Each structure stands twice: as C-alpha cells, then as structure tokens.
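Please open the model in your viewer and keep the sequence panel beside it. The tour proceeds by selections, each followed by a description of what is found there.

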Amino acid sequence: MLRRLDKKQPESFKFSAKNLSWARKQLKKYPDGRKQSAVIPLLFRAQEQEGWVSKPAIEVVAKMLDMAPIRVFEVASFYFMFHLSPVGSVAHIQVCGTTPCMLRGSERLIEQCKKKISSNPMEVTHDGKISWEEVECLGACSNAPLVQIGRDYYEDLDEAKFSNLISNLISGIKPLPGSQTDRFSSEPNGDLTSLKGKVEEEKNASVSLFSHDFGKKKRSKAKHPAINLEDKPDA
Ligand code: FES
C-alpha cells in the first residue's frame, strides 16, 4: 500500500517541553554514532503529541538524530503505526486485513467501519472523533480477527462485538482492550493443553497496563492519547 505525506501540512512542529526532555533522555540510551536507533520512539512520541506524523515533525526528528529527513520518512511510511494524515481525536481504528484475519471475518469488521464511521478509510467522522483504515498483519494472528487502537489490541472480534465496540467509542465509553471473548491471552478456546499452571492475575499484562496508563493519561490530559475518553465503566 502506497503511503504518502498528507497534502495539508502544518507550518512547523515543536516537541512540548515535557516531550523534549523525554526525547533527550531516550537519546542517552544509545552510544555515539547510534542515536538513529531512537527514530521510532521519537516519531511515536511526536505522533502521540499531535495525533499524526507531519512533514515538519519528521524534519525535527531527523535533525535531532542527525539523519536525512528522507530516511526518517522511510521509517514513518513503512510502519502502519505511524499515521501520515490527521486521524480521529478519540480513536483511529486499524483493522488487520491480512489472510488469517480475513479468514476469521475481518471483511465484516471493515463493513462495520464503513457503516458506522465512514465509507472511506482515513476519513474522520463529522465530529472529528473516529477514523479507520485497513492495515497488514498486526502480529497477533492467533487472536484473529483484531483491530489496533493506539497502543492497544482488541482481539477475538466478531461483527456484533466490533459494532458494539465502535458504538461505545462514539458514545464515550472506554472499551477494555485484549481478547473480547475473555481469553486471558492466546491460549486454546477449550481447556489448556500445555503450560497448565494456574494464572493468578485477572487480566494479562497489556490489559492491566491499559487500565494503568488510561488513568495516567486522564490525569495528565494528554492532547492525543490512544483513546481520549472519559473514564466511564467498561461496556
Ligand atoms: S493476520 Fe491479522 S494479526 Fe496476523
């Protein structure tokens, strides 16, 4: 899929003081001559600040890492985690459409996006809150079909569950990420066949982290958190 910079670009980009200080700390993790390895975290932080990755943001990151802007653009345009156009301020839903997810019904999820969000990908709803696109394999095929929203995966979806998830987002309810069929992670749907040790935690680590991060984001009022909603009870 061809990914290009958005036609409408802002005049400039500047990291906030907090994000700049965070970025400088990241750079210290890498030895001299290897700072370019920080390109993904810095781009992602720019995206979390602005909601998407603009040309000026790419240029600022390139300058900080002593890279040619085209090299940073190559990274931003390769990975679907980077949005090259403005997306929904509440959530940008990335639906995996690769073979395992397609065999498990991702086309029906895309139909729901067309029906409830917009008939075209990367078109933001009238209120500016939600957008969607189809992406390639998200690396969680055993929990297909799934969607990614910001840092979180919503797995084991079907048409009805996904429709409900979109409705919740639209009406301001925070959906809990992870398996939507209450699987702990990617164990078999029936009984465990190996690694039968008892799991003490109620939720797996990434789902627990979501709840923790969501609380923090709410407190810090981030401009573009992954899901920007009031902390209402989960559906
Ligand atoms: S095919 Fe969808 S996560 Fe791999």
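Begin by selecting Val39, Ile40 and Leu43 in H2 together with Val72, Val75 and Ala76 in H4: these two groups of residues meet each other. By class, the residues of this contact comprise 6 nonpolar, no polar and no charged. Now extend the selection to the whole of helix H2 (residues 39-50) and helix H4 (residues 69-78), whose axes lie 11 Å apart and form an angle of about 70°. An angle of 65 to 115 degrees counts as roughly perpendicular, and H2 and H4 are therefore described as roughly perpendicular to each other.

Before the next selection, a word on the model as a whole. The model is predicted, with an average pLDDT of 89 over the chain and a score of at least 70 for 90% of the residues. Select residues 219-225, where the pLDDT is below 50; this stretch has 9 contacts in the model beyond near neighbours in sequence. Residues 230-235 likewise have a pLDDT below 50, and here the contacts beyond near neighbours in sequence number 14.

Next, colour the chain by secondary structure. There are 8 helices and 5 strands, and from the N terminus on they follow the order α-α-α-α-β-α-α-β-β-β-α-β-α. Of the 235 residues, 31% count as buried. Among contacts between residues at least 6 apart in sequence, 66% join residues at least 24 apart.

Turn now to the interior. Which residues touch the most other members of the largest nonpolar core? Select Val95, Leu146 and Val147, which hold that position within a core of 25 residues. At least two residues of this core come from each of strand E1 (91-96), helix H6 (106-116), strand E2 (130-135), strand E3 (147-149), strand E4 (152-155) and helix H7 (159-170). Another core, of 16 residues, lies apart from this one and includes Val39, Leu42, Phe73 and Leu84.

Return to Val95 and display its contacts. Leaving aside neighbours within four places in sequence, Val95 is in contact with Ser106, Leu109, Ile110, Cys113, Trp132, Glu134, Val135 and Val147.

The following stops concern the backbone. Select Ala144 and Pro145: the peptide bond from Ala144 to Pro145 is cis, with omega near -5°. Pro145 belongs to the loop between E2 and E3.

Met122 is the next residue to select, in the loop between H6 and E2. Although Met122 is not a glycine, its phi is positive, at about 65°. Asp156, in the loop between E4 and H7, also is not a glycine and has a positive phi, of about 55°.

Is each of these residues buried or partly exposed? Met122 counts as partly exposed because it has 16 C-beta neighbours inside 10 Å. Asp156 has 20 such neighbours inside 10 Å and therefore counts as buried; the cut-off for burial is 20 or more.

For the final stop, select Trp22 in helix H1 (residues 17-27). Trp22 has 14 C-beta neighbours inside 10 Å and so counts as partly exposed. Add Arg45 to the selection and draw a distance between the two C-alpha atoms: Trp22 and Arg45 are 23 residues apart in sequence and 9.1 Å apart in space.

Definitions and conventions
Residues are numbered from 1 along each chain as its sequence is written. This is a predicted model: local features need pLDDT of at least 70, side-chain atom pairs count only at pLDDT 80 or more; totals for chains, interfaces and linings use all residues. A nonpolar core is a set of buried Ala, Val, Leu, Ile, Met, Phe, Trp, Tyr and Cys residues joined through C-beta atoms within 7 Å. A residue is buried if 20 or more other C-beta atoms lie within 10 Å of its own, exposed if 12 or fewer, and partly exposed in between; C-beta atoms are placed from the backbone. Helices (H or I, at least four residues) and strands (E, at least two) are DSSP runs, numbered from the N terminus. Two residues are in contact if their C-beta atoms, placed from the backbone, lie within 7 Å. pLDDT is the predictor's confidence in each residue, from 0 to 100. Axes are lines fitted to C-alpha atoms, for helices over the stretch in contact, and angles run from 0 to 180 degrees between N-to-C directions. Angles under 35 degrees count as roughly parallel, over 145 as roughly antiparallel, 65 to 115 as roughly perpendicular and the rest as oblique. Ala, Val, Leu, Ile, Met, Phe, Trp, Tyr, Cys and Pro count as nonpolar, Asp, Glu, Lys and Arg as charged, and the others, Gly among them, as polar.
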